[in-house]
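Please open the model in your viewer and keep the sequence panel visible. The tour below proceeds by selections, each followed by a description of what is found there.

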Amino acid sequence: MTHADAVVVGHGLAGLVAATELLAAGRHVVLVDQERPGDLGGQAWWSFGGLFLVDSPEQRRLRVRDSLEQAWEDWQATAAFDRPEDELPRAWARAYVEFAAGEKRSWLRQRGHRIFPVVGWAERRAVLGGPGNSVPRFHITWGTGPGIVESFAGEVEQAAFYGRLTVLHRHRVESVDTSGGVVAGVSGSVLAPDGGPRGSSSNRTPTGAFRIEAPTVLIATGGIGADHAAVRDLWPGRLGEPPARMLSGVPAFVDGSGLRAATRAGGAVINPDRMWHYTEGIANHSPVWPDHGIRILPGPSSLWLDATGRRLPGPLWPGFNTLDTLAELRRSQGGRPTAGHDHSWFILNRRIIGKEFALSGSEQNPDLTGRSVREVIGRARQDVPGPVQSFLDRGEDFVQARTVPELVAAMNALTGEDLLDAEAVAAVVRERDRGAGQPGADAQHDAVRSSRRFLGDRLVRTVVPHRLEDPAAGPLIAVRLRVLTRKTLGGLHTDLGSRVLDGSGRPVPGLYAAGEAAGFGGGGMHGYRALEGTFLGGCLFSGRAAGRQMAADLAD
């Protein structure tokens, strides 16, 4: 049996941050995870490394005016907190926005973290007072996901080398043990070794049992994104019908196991119906985990159609409102059987895909991940970046053609259903294209013009308005999009010290939660919707809070 001051369950970003805080307080930590040593960093390693910052030097250099109060107004309009149990999530949200406007950047910088100079504009606000970011706030880590993980993983690995921390990989926690209602440690199964590559599904073959005694336990195991059955069970009616088939934006280990162990120990989960899934998912041409999907981070110019060829209504344009777009696509509209199909379409051309398509994930951005200035400059000079061209060449969801009728024929052939009428799609394309040279004729084109007032968009993210069928803009392209599972927005109910609360709102002594398992703080600091760049940031903030609170409670 192993003894420790604290057990951290989950070696992702939130767990690593909490472990470093406990180490700084002189505590002995056991870090436990069911996966391999090569999976250190969890989901964060695979991420684009986007971080939500407020009034940053990067924003100011691009002439973006931002402030704490403006960001907080955007957050509240986006989260739409409306439940009695949102009291703590709202308090976490306010504290997090203050963190993002305050010490977050400098705290990370002290650990060697650096930021790419161009700020992105994710989840753009389309309507005054509506959901979304009123200004660009998406700051990309120089080094993407691995760059932010290494800021904490190195310290953990060094502590393990010197015996200040014990790492137990291939140990699956199945129980948070209690004695007299107080946490006493964890127990579970030792799993067989597995030599698979990072992110791939590992075996679940037990070879023995283990138990660790500790007065404090942190659950930092993520959500349920890889368990599609659980996602469908919790899918709320406000989002329409759940898809019959979804892509996975997270590895198979994001299975809800830590949440189940915590609830069996008395912890309460709140807001389980709040979730964050993307509508711009495409199948990975080189999958690592089951149903591996990649999210397109789109600029605003592509024409978005549902499975039957209906143009999505404004302001549901690419890059604007993830959750309302998801609901629109999953509900039948005007008697059309939209919800009976699990896909939608982008129609664009080579000029748009070259400038406006970014792909989420560290492995899809080798220039940024490898911190190569030369490759970043080379990407800007290419008509289509290499990773995007790979999907054009090898992706199962991409078709190209010279004319709209030829494109529609290829789209129908791809799905095996004649859902699209070439004349109807051509009419929608003409409607959209009228706005290319005539301001006021098409609201989406007007939104593109507005986006280009931001220097970052004009330089690297948004094309000059033009007709889709402009011969100089290259062949037409259609991209089949599917729902990509990603984040659990609800989670274990926690106070501002990351202590897990029971069903009556009282702390479960010795039990803590951070990251996605805690809804990134309080059991759901995002409310119904996220502003992007806030998931990694939520892991950083809640992991830090948890580690500091655990250290303080151990000192009492």
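**First stop: a hairpin and its sheet**

Begin with the hairpin of β21 and β22, in which five residues lie between the strands and Gly505 adopts a positive phi near 90°. The model is a predicted one. Select both strands of this hairpin: β21 and β22 pair in the antiparallel sense, over two bridges. Within this pairing, Tyr512 of β22 is the bridge partner of Arg499.

Now extend the selection to the whole sheet, which is open and has six strands in the order β6-β3-β2-β10-β22-β21, with mixed pairing. Its edges are β6 (165–169) and β21 (499–501), each of which pairs on one side only. From one strand to the next, the twist averages 30°.

Moving inward, colour β22 by accessibility: this strand is largely enclosed by the rest of the structure, because five of its seven residues are buried. On its other pairing, β22 joins β10 in the parallel sense over three bridges, and Ile219 stands opposite Ala513 in β22. Next, select β2 (residues 6–9) and β3 (residues 29–33), parallel strands joined by four bridges. Here Val7 has Val30 of β3 opposite to it.

**Second stop: helices on the sheet**

Display helix α1 (residues 13–24), which lies across β2, β3, β6 and β10 (216–219) and runs at about 170° to β3. Then add helix α19 (residues 534–555), which packs on the sheet and touches β2, β10, β21 and β22 (507–513). The direction of α19 makes about 170° with that of β10.

**Third stop: salt bridges**

Side chains of opposite charge can pair when their charged atoms come close. How many salt bridges does a search of the whole structure find? The search returns 44, and three of these pairs merit individual selection.

Select Asp74 and Arg125, whose side chains meet in a salt bridge with an N to O distance of 3.7 Å. Asp74 belongs to helix α4 (residues 68–79), whereas Arg125 sits in the loop between α6 (104–109) and β5 (138–140), 51 residues apart. Asp74 is buried at 3% relative accessibility, while Arg125 is partly exposed at 27%. Widen the selection to Asp66 and Arg137, which are linked with Asp74 and Arg125 in a network of salt bridges.

Proceed to Asp273 and Arg83, which form a salt bridge of 2.7 Å, N to O. Asp273 lies in the loop between β12 (269–270) and β13 (275–283) and Arg83 in the loop between α4 and α5 (87–101), so this pair ties together parts 190 residues apart in sequence. Asp273 is buried, with a relative accessible area of 17%.

Finally, select Arg350 and Asp383, whose closest N and O atoms are 2.9 Å apart in a salt bridge. Arg350 is in helix α11 (residues 350–356) and Asp383 in the loop between α13 (373–381) and α14 (386–394), 33 residues apart. Asp383 counts as exposed at 51% relative accessibility.

**Last stop: Ser362**

Is Ser362 buried or exposed? Ser362 is buried, its relative accessible area being 2%. To locate this residue, go to the loop between β17 (357–359) and α12 (366–369). Apart from neighbours within four places in sequence, the contacts of Ser362 include Trp45, Trp46, Phe48, Gly145 and Pro146. As a closing distance, select Asp82: its C-alpha is 35 Å from that of Ser362, and the two residues are 280 apart in sequence.

Technical notes
Residues are numbered from 1 along each chain as its sequence is written. This is a predicted model: local features need pLDDT of at least 70, side-chain atom pairs count only at pLDDT 80 or more; totals for chains, interfaces and linings use all residues. Side-chain values use heavy atoms; hydrogens and water are left out. A salt bridge is a side-chain nitrogen of Lys or Arg within 4 Å of a carboxyl oxygen of Asp or Glu. Buried means under 20% relative accessible area, exposed over 50%, partly exposed in between (1.4 Å probe, protein chains only). Contact means heavy atoms within 4.5 Å. Two strands pair if DSSP finds at least two bridges between them. Axes are lines fitted to C-alpha atoms, for helices over the stretch in contact, and angles run from 0 to 180 degrees between N-to-C directions.
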